[in-house]
Amino acid sequence: MSNQELEWDSVEVPSHWLITALLSRGIELSAIEAAIAWQFDRDRLDSTVLPLETYYRLFEWGSDATDDPDLGLHIAEGPPSINLGLLSYLLRHSPTLGLWVRNLAKYHRIFSRDAHVSYEIDNGEVRIDYQPIYLGKSEQRQDIFFTIACLVLHIRQIINSCWAPLRCSFVLSPPSDDTEISRVLGSDVAYSQNKNSIVFSSRHLRRPIKDADAVLYSILKSQADAILETQGQTNELVHRLRLLIAANLSDQSFGMNKTAEVLNMSVRKLHRELTARRVSFREVRDGVVYDSARSLLKNGDTPIKEIAYRLGYSETSAFSRAFKRINGTSPNAFRKRSRSTSS
């Protein structure tokens with residue numbers, strides 16, 4: 001067995017969304033367990049991860065069990081419409097589609113080890129390629145159709161509801177009926193190609209992304225870069241945690257329980273991992289709040305009341321006390337000092 005195969009065998013994929021989709025289609029959990037010889041923790045389905053080969057088998061089995069040859073496409077269309085895990089937070093706040101594409105290719109490998117994503121710009125066209133890393137043992141039709149559909153639907157949300165790529169290509173052999181594939185993707189589709197890809201005009205790269213937060217984007221990108229630098233090291237988990245906290249600061253209910261769920265681990269394991277790194281969840285969160293507050297106060301004219309709300313404080317006074325406790329000065333005084341030193 002090659003080193004690459006050993007690496008592939010160790011890859012685990014968050015799969016709760018697939019389990020949920022199958023359950024919503026009337027498949028019993030016991031039938032899923034029997035099909036893939038897997039015992040789920042029924043109290044923690046939201047944190048389910050599966051070995052990569054098992055995930056592929058489940059997706060293909062689910063297509064047969066639901067009698068839906070286009071299951072991957074239909075799951076991509078359903079709620080949540082697009083879910084790229086932690087990477088979604090960064091992509092959502094990328095200022096333009098061009099940066100969205102660049103960030104997808106650059107950071108995909110640190111959030112998902114089950115595939116390679118790359119892009120190329122040539123002769124006025126952009127091509128995004130998706131290549132699962134695990135080939136040969138299991139069918140991957142549903143995963144490939146699902147991922148390509150997710151990319152198309154996400155870009156469609158950015159551009160407009162009528163947008164479609166110029167063309168799509170698949171390494172897969174053509175299905176007996178590709179009506180649904182053409183409907184969802186809305187473009188010419190070629191099969192038995194060298195790559196799974198979508199192609200669209202490069203003029204769209206300048207398209208701004210609605211509701212993107214420039215300051216939050218800067219914070220999230222810095223955390224993603226830190227993950228990239230520390231990948232495989234003990235500090236990687238802390239940087240993943242910081243990115244997740246930063247993306248959800250305004251949600252007061254987003255505490256340690258929800259964080260652990262998104263990271264696909266139990267609260268006990270997350271606490272144990274942080275303890276081993278000599279840091280607590282509260283300390284990490286306080287650090288993210290403080291760094292975010294400094295960025296928001298230094299950049300732009302966002303009212304302090306709004307900053308407090310965005311950082312999870314229901315009252316401005318509580319935010320001011322917390323900021324002064326850490327920084328030694330009030331938010332307003334910090335903003336005035338920052339402006340005077342930069343002028």
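Biologist: Which residue in β7 does I128 stand opposite?
Modeller: Happy to help, and please keep in mind that this is a predicted model. Strand β4 pairs with strand β7 (residues 196-201) in the antiparallel sense, over 6 bridges. Within that pairing, the residue in β7 opposite I128 is I198.

Biologist: Thanks! Which residue stands opposite I198 in β7 from strand β5?
Modeller: Strand β5 covers residues 167-169 and runs antiparallel to β7, with 3 bridges joining them. The residue that stands opposite I198 here is C168.

Biologist: And which residue in β7 does V126 stand opposite?
Modeller: V126 lies in β4, which spans residues 125-132. This strand is joined to β7 by 6 antiparallel bridges. Opposite V126 in β7 you will find F200.

Biologist: How many of the residues of β7 are buried?
Modeller: To count as buried, a residue needs a relative accessible area under 20%. By that cut-off β7 is mostly covered, and its buried residues number 6 of 6.

Biologist: Now the hairpin of β3 and β4: which residue takes a positive phi?
Modeller: Strand β3 (residues 115-122) runs antiparallel to β4, and 8 bridges join them. One of the facing pairs is A115 with P132 in β4. There are 2 residues between the strands, and the one with a positive phi, near 55 degrees, is N123.

Biologist: I always ask about cysteines. Why is the sulfur of C150 in no bond with that of C168?
Modeller: A disulfide needs two cysteine sulfur atoms within 2.5 Å. C168 holds the closest cysteine sulfur to that of C150, yet it is too far for a bond, at 13 Å. The structure's count of disulfides is 0.

Biologist: Are C150 and C168 buried or exposed?
Modeller: The relative accessible area of C150 is 4%, so C150 is buried. For C168 the relative accessibility is 1%, so this cysteine also counts as buried.

Biologist: Let's turn to helix α7. What should its 15 residues span, and how far apart are its end C-alpha atoms?
Modeller: Helix α7 runs over residues 97-111, and at 1.5 Å a residue it should span 21 Å. That agrees with the distance between its end C-alpha atoms, which is 20 Å.

Biologist: Where is the kink in α7 centred?
Modeller: The kink is about 35 degrees. The residue at its centre is among the buried residues of α7, as are Y107 and H108. That central residue is A105.

Biologist: Last one: how many residues of α7 are buried?
Modeller: Buried positions include L97, W100, L104 and F111. The helix is largely enclosed by the rest of the structure, because its buried residues number 11 of 15.

Notes. Residues are numbered from 1 along each chain as its sequence is written. This is a predicted model: local features need pLDDT of at least 70, side-chain atom pairs count only at pLDDT 80 or more; totals for chains, interfaces and linings use all residues. Side-chain values use heavy atoms; hydrogens and water are left out. Helices (H or I, at least four residues) and strands (E, at least two) are DSSP runs, numbered from the N terminus. The expected span of a helix is 1.5 Å times one less than its number of residues. The bend at a residue is the angle between axes fitted to the seven residues ending there and the seven starting there. Buried means under 20% relative accessible area, exposed over 50%, partly exposed in between (1.4 Å probe, protein chains only). Two strands pair if DSSP finds at least two bridges between them.
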